[in-house]
Amino acid sequence: MVKAAFTGSFDPAHEGHLYVVRQAIKLGFKVLVFVANNSEKNYQHPLSIRRENAQKFLGVPCIAASSNNIGDEIKSFGCEIIIRGIRDEKDFRYEQAITDYNRRVNGIETIYIPAPPEFQHISSSAIKGISVCSIK
């Protein structure tokens with residue numbers, strides 16, 4: 001069974017993430033989730049809490065990524081492929097640059113799992129925005 005890495009910040013993990021994990025499993029991959037920090041994002045929770053919450057919600061092993069080059073870490077866990085969810089054309093353009101980097105620098109290919117219509121509007125940023133608005 002091929003090990004696949006699903007990477008992200010998971011702040012919070014949501015139904016779109018769960019859909020990607022379930023689809024990857026249906027395709028025959030053993031999925032490991034790598035919860036990472038992105039210097040361009042502000043997080044509600046520290047990495048350790050995001051990892052714990054993602055593991056509970058997604059039901060697969062989740063690793064708190066500690067490396068600046070997550071590709072090295074992914075390979076050290078025996079992952080041969082990266083799985084990424086995409087909602088729309090904007091996501092695809094963003095992910096394509098990351099895919100090219102991972103292919104060139106880390107020698108790892110990426111498989112995209114497109115979101116079905118009912119999940120195309122879901123993002124962690126949108127969920128955090130709703131949470132902030134409902135608190136006020």
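Me: What pLDDT does the chain average, and what share of the residues score at least 70?
Reply: The chain averages a pLDDT of 88, and 88% of the residues score at least 70, where pLDDT is the predictor's confidence in each residue, from 0 to 100. This is a predicted model, in which local features need pLDDT of at least 70 and side-chain atom pairs count only at pLDDT 80 or more, while totals for chains, interfaces and linings use all residues. Residues are numbered from 1 along each chain as its sequence is written, and side-chain values use heavy atoms, with hydrogens and water left out.

Me: Why is H14 called buried?
Reply: Buried means under 20% relative accessible area, exposed means over 50%, and partly exposed lies in between (1.4 Å probe, protein chains only); H14 has 8% relative accessibility, so H14 counts as buried.

Me: What makes F6 and F10 an edge-to-face aromatic pair?
Reply: Rings of Phe, Tyr and Trp (its six-membered ring) pair if their centres lie within 6.5 Å, and planes under 30 degrees apart count as stacked, over 60 as edge-to-face and the rest as tilted. F6 and F10 are 5.4 Å apart centre to centre with 80° between the planes, and are therefore edge-to-face.

Me: Why does F10 count as buried, and why does F92 count as partly exposed?
Reply: The relative accessibility of F10 is 3%, so F10 is buried, whereas F92, at 36%, is partly exposed because this value falls between the two cut-offs.
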